[in-house]
Every structure is written in structure tokens, then in C-alpha cells.
Amino acid sequence: MKERLKDAAKGLAREVLSGLKEYPHGRPPEGATHGNPPVAPAEAHSPSHAAETPGTFTSSIPIMTEATDCIAFSCSDGRFDESNRELLQHLGYTHPHIIQVPGGPSLLHSMVAVINILPKAMELLIGKAVDLTNVTEFVCIAHEDCGAYKAGKVRLIAEFARRLADKSIREVQIEHLRKAGHELELRLHGDVRLFYADIIEKDGHDYPRYSEIPDTGSSHSG
């Protein structure tokens, strides 16, 4: 009995020593089996971006070929990007063309810019987008805590907020939003929907809550 135990112990010792010599770091590589050559991980056989030319990147997302179904005009505040897209999806749009500039729709109507350059530039920008997409449906989105409406950030808008001191910033934004929608309807003869996003707190996070703003002459309300 003792001899068998000694032999077993010697065999185990040889196996351990042999393993230490073959795998000096204390464990075999992943996929290795005793007596057989190591098996390469599956990832080694899959395509890799390693073959890309340095300084290049090929996207895994193909170019969209479906027709654009609306033009959305919003502020360039990145905090709302995904939420705005979710709103557009909720409205039934699957391939929106989104135009973003600081202040969003506020730059569309001539009352905001005293020298009337910004509205003309934005009109040309949107007109070009309409020509390229043949879209007649528009969504204008404004939001709470917009940097363009904070005093000193954009003087022209701050000046209008000062002149309309009897109104809250939210009321000024909605007034600008309505004017922007009205101008779009008149100039581009499209169907315009207006939304204002208030920020609400829920579960320890901030969420935009979108309310549709009725615009005179629009077929949508409420």
C-alpha cells in the first residue's frame, strides 16, 4: 500500500515538474490540453480591423439608402441627441435629416437677429436640405437649459430676453419656436410640428419631457 502511494506521489511530482517546465508561468494557455497541441482561440480566426491601413477606419454601419422622411431642426446641445432621435422615432419617422446649430429654431426667425443675417443663412441651409431630400415635413425642437438663452452666451438672444423681461426664458423660447414654425410654413409650404423639452428628474436622472406646441396655421395641436 505504502509503495503504491509512493509511486503515485512520484508520478504526481513528475507531472507537476513537467508542467512547470512546459508552462513556466504556472498555467497552460487557454485551449491547451495535455498531450495535444494548444488550440488557438476562436477570435484568432475572425476578421479584425488590424489589417486596416494605419490612419483609416471602416465603419461597420452601411450608408443609409432609404429616403429621408422629415427634416428636424434642433439645438446642437449633445445632451439631447439620442432623446431627440427617440422623439422622432415616436412620431413615426425612421430616416430624419437633423440640422443642429446652437440655439436651434430660435435662429430661424428674423426677430432674433437684429442684422437679419442668421435667419437668411439658416433659410438657405434648410432650403438646400429641402431641395436635396424633397421633404415637406419638419420638426422644430427647443429645450430647457439652452446655453444660447443664458445671459452673455449669445448677445442677440440675451438682448431679446432682456427686452422681454416680463416673460420667462421658457416663454421667450416658445415664442421664438412658434415664429420659427410659422416662417417655415410660409416659406417652405411644409407641415411643421413644434416641441419643447422640459427637463424632469426621475430615478436620480434627468429626462427631457417633450410637449407639442400648437402653431397658428399648423395642422397639429396639443
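## Overall layout

From the N terminus on, the elements of the chain run α-β-α-β-α-β-α-α-β-β. That order is made of 5 helices and 5 strands. The model is predicted. The chain has 222 residues, and 33% of them count as buried.

## Strand β1 and Cys70

Strand β1 covers residues 70–74, and Cys70 lies in it. Is Cys70 buried or exposed? Cys70 has a relative accessible area of 0%, so it counts as buried.

Cys70 also shows how the fold brings distant parts of the chain together in space. Cys70 and Thr136 are 66 residues apart in sequence. Their C-alpha atoms are 7.0 Å apart in space.

## Strand β3 and its residues

Strand β3 spans residues 137–143. Ile141 has its place in this strand. The relative accessible area of Ile141 is 3%, so Ile141 is buried. Ile141 can be paired with Ser106: 35 residues separate them in sequence, and 9.7 Å separates them in space, C-alpha to C-alpha.

Cys140 is another buried residue, with a relative accessible area of 1%. How many disulfides does a search of the whole structure find? The search finds 0. Cys70 and Cys140 are thus described here by their burial: 0% relative accessible area for Cys70, and 1% for Cys140.

## Internal cavities

The structure holds 2 cavities of 30 Å³ or more. The second largest has about 70 Å³ of space. Its lining is made up of 13 residues. Which of them are closest to the centre? They are Gly103, Pro105, Ser106, Ala142 and Tyr149. Ser106 is also the residue whose C-alpha lies 9.7 Å from that of Ile141.

Two elements give two or more residues to this lining: β3 and α5, the latter spanning residues 169–188. What is the chemical character of the lining, nonpolar, polar or charged? The lining residues divide into 7 nonpolar and 6 polar, with no charged residue.

## Two loops with positive phi

Most residues other than glycine have a negative phi. Two aspartates in this model are worth a look on that count.

Asp145 is not a glycine, yet its phi is positive, at about 60°. Asp145 is found in the loop between β3 and α4, and α4 covers residues 155–163. Its relative accessibility is 34%, so Asp145 counts as partly exposed.

Asp203 also has a positive phi, of about 55°, and is not a glycine. Where does Asp203 sit? Its place is in the loop between β4 (191–202) and β5 (205–213). Asp203 is exposed, because its relative accessible area of 67% is over the 50% cut-off.

## Rings and charges

Lys202 belongs to the span of β4 (191–202), and Tyr207 to that of β5 (205–213). The charged end of Lys202 sits over the ring of Tyr207. The distance from that charged end to the ring centre is 4.9 Å. What is the count of aromatic pairs? The count comes to 0.

Terms used:
Residues are numbered from 1 along each chain as its sequence is written. This is a predicted model: local features need pLDDT of at least 70, side-chain atom pairs count only at pLDDT 80 or more; totals for chains, interfaces and linings use all residues. Side-chain values use heavy atoms; hydrogens and water are left out. On a 1 Å grid over the protein atoms alone, a cavity is a set of points where a 1.4 Å probe fits but cannot get out, and a pocket is an open set with protein on both sides within 12 Å along at least five of seven lines; lining residues have an atom within 4 Å of a point. Grid points are joined across faces, edges and corners, and a volume is the space filled by probe spheres set on the points. Helices (H or I, at least four residues) and strands (E, at least two) are DSSP runs, numbered from the N terminus. Ala, Val, Leu, Ile, Met, Phe, Trp, Tyr, Cys and Pro count as nonpolar, Asp, Glu, Lys and Arg as charged, and the others, Gly among them, as polar. Rings of Phe, Tyr and Trp (its six-membered ring) pair if their centres lie within 6.5 Å; planes under 30 degrees apart count as stacked, over 60 as edge-to-face and the rest as tilted. A charge sits over a ring if NZ of Lys or CZ of Arg is within 6 Å of the ring centre and within 35 degrees of the ring normal. Buried means under 20% relative accessible area, exposed over 50%, partly exposed in between (1.4 Å probe, protein chains only). A disulfide is a pair of cysteine sulfur atoms within 2.5 Å.
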